Amino acid sequence: MLNIGCHLSVSGGFENMGKEALKLDADTFQFFTRNPRGGKAKDIDKNDTDKLLVLMENNNFVKILAHAPYTLNPCSSNERTREFALETMEDDLKRMEYLPNNMYNFHPGSHVGQGVEKGIEMISQTLNKVLWEEMSTTVLLETMAGKGSEVGSKFQELKAIIDRVELNNKMGVCLDTCHVFDGGYNIKDNLESVLEEFDRVIGLNRLKALHLNDSKNPLGSRKDRHEKIGEGYIGLDAFKAILTHPVLKKLPCYLETPNDLDGYKKEIALLKSF
Ligand code: FE
Ligand code: FE
Ligand code: ZN
């Protein structure tokens, strides 16, 4: 059976997200660890996170996915910006231990003209500072669209980051369907060869999650504009092939499409019908 959820708001608390997911017939969800524009996160209410853990257990949830603020840039040319990314990730990962054995996804960063190599070096340095041996969270690098100077739109770049991380047994990859399509990987017409390439370069054992989004733009456009499933350039047939693929169908899926809760509920039902 397909394990699927969507992006939810953490503002009502953790247990509340679990309840919302149930109403959508989801068995997982994604949330921002704090306001995506940065700033301080609310103190963790252990009573609330414990209630979510019980709800997840009772309803056979699969791993939930925390998403770092997308404004973080661990490979900025500005030292204070890099420090802020490090401090935020450090704090987020400590807080994730209140919800043990789940996943944390982040956008690798933008090298802002310093070059991809330098970017890769800085991102892996940050990871080497924030990961620790006993942590229970799996940290995911998201495949990026390649907008501006984004690092991580090529599988080789993600692999190069992982290779430089000492505790890389903590690391995985989240494949965003809109982003890889924007990055030029043709999951619409050549899904199998894209997956072969992923396996050859990174290894499919590193693939831990899918962000399901259609794209408002054609293949290779590097724009990162999400569309509702079936209403963009990727199209419904491609999502059918993705969700019935022997490797991919076992992965937890998170929708980040432009939808309200009712729209998400319909998309979840549609995708489950495959
Ligand atoms: Fe993302
Ligand atoms: Fe995404
Ligand atoms: Zn995106």
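This text walks through a predicted model, from its barrel to its metal sites, its core and one of its helices.

The barrel comes first. Eight strands close into it in the order β1-β2-β3-β4-β6-β8-β9-β12, and the pairing is parallel. Neighbouring strands of this sheet are turned against each other by 30° on average, direction ignored. In general, the strands of a sheet pair through backbone hydrogen bonds, either parallel or antiparallel.

Strand β1, residues 4-8, shows how the barrel is joined on either side of one strand. On one side β1 pairs with strand β12 (residues 253-255) in the parallel sense over three bridges, and Gly5 stands opposite Tyr254 in β12. Strand β2 (residues 30-32) also runs parallel to β1, and two bridges join them; here His7 stands opposite Gln30 in β2. Strand β1 is mostly covered, with five of its five residues buried. Elsewhere in the barrel, β8 and strand β9 (residues 207-212) run parallel and are joined by four bridges. One partnership between them is that of Leu175 with Leu210 in β9.

The metal sites draw on residues from several of these elements. The iron ion (ligand 1) is coordinated by His67 (NE2), His107 (NE2) and Glu142 (OE), at 2.1 to 2.2 Å. The donor residues of this iron ion (ligand 1) follow the spacing H-x39-H-x34-E in sequence. Two of the donors come from distant parts of the chain: His67 is in strand β3 (residues 65-67) and Glu142 is in strand β6, 75 residues apart. Both His67 and Glu142 are buried. Glu142 also bridges the iron ion (ligand 1) and the iron ion (ligand 2), which lie 3.2 Å apart.

A zinc ion (ligand 3) lies 5.3 Å from the iron ion (ligand 1). Its donors are His179 (NE2), Asp224 (OD) and His226 (NE2), at 1.9 to 2.2 Å, and the spacing of these donor residues in sequence is H-x44-D-x1-H. Again distant parts of the chain are linked: His179 belongs to helix α6 and His226 to strand β11 (residues 226-227), 47 residues apart. His179 and His226 are both buried.

Which residues does His211 touch beyond its neighbours within four places in sequence? Among them are His67 and Glu142, both of which are donors to the iron ion (ligand 1). The contacts of His211 also include Gln30, Leu65, Asn105, Asp176 and Glu256. His211 is placed in strand β9. With a relative accessible area of 0%, His211 falls under the 20% limit and therefore counts as buried. Its side chain makes a polar contact of 3.4 Å with the side chain of Asp176, and another of 3.0 Å joins the side chains of His211 and Glu256.

Next to His211 in sequence is Leu212, a member of the largest nonpolar core. In soluble globular proteins, nonpolar side chains tend to be buried together. The largest core here has 74 residues, of which Phe29, Leu127, Leu131, Val139, Leu212, Leu255 and Leu271 touch the most other members. A second, separate core of six residues includes Leu65, Leu140, Cys174 and Ala209. Leaving aside neighbours within four places in sequence, the contacts of Leu212 include Ile4, Ile229, Phe239, Leu243, Leu255 and Leu271. Thr177 and Glu256 are also among the residues that Leu212 contacts.

Outside the list of barrel strands, helix α5 gives a view of how a helix is packed. α5 lies across β6 and β8, and runs at about 150° to β6. The buried residues of this helix (residues 155-164) are Phe155, Glu157, Leu158, Ala160, Ile161 and Ile162. An α-helix has 3.6 residues a turn, so residues three or four places apart point the same way. The cover over the buried residues of α5 includes α4 (116-130), β6 (138-142), β7 (150-151), β8 (171-176), α6 (177-182) and α7 (191-201).

Helix α7 brings in Glu197. Is Glu197 buried or partly exposed? Its relative accessibility is 23%, so Glu197 counts as partly exposed. Beyond its neighbours within four places in sequence, Glu197 is in contact with Phe155, Gln156 and Tyr185. Between Glu197 and Gln156 there are 9.8 Å in space, C-alpha to C-alpha, and the two are 41 residues apart in sequence.

Conventions: Residues numbered from 1 in each chain as written. Chains lettered and ligands numbered in written order. Predicted model: local features only at pLDDT ≥ 70, side-chain atom pairs only at ≥ 80, totals over all residues. Heavy atoms only, no water. Core = buried A, V, L, I, M, F, W, Y, C linked by side-chain atoms within 4.5 Å. Buried < 20%, exposed > 50% of the residue type's maximum accessible area, 1.4 Å probe, protein only. Contact = heavy atoms within 4.5 Å. Donors = N, O, S within 2.8 Å, 3.2 Å for Na, K, Ca; no water. Pairing = 2+ DSSP bridges. Axes fitted to C-alpha atoms, helices over the stretch in contact; angles between N-to-C directions. Polar contact = N/O pair within 3.5 Å; in protein donor to acceptor, adjacent residues only side chain to side chain.
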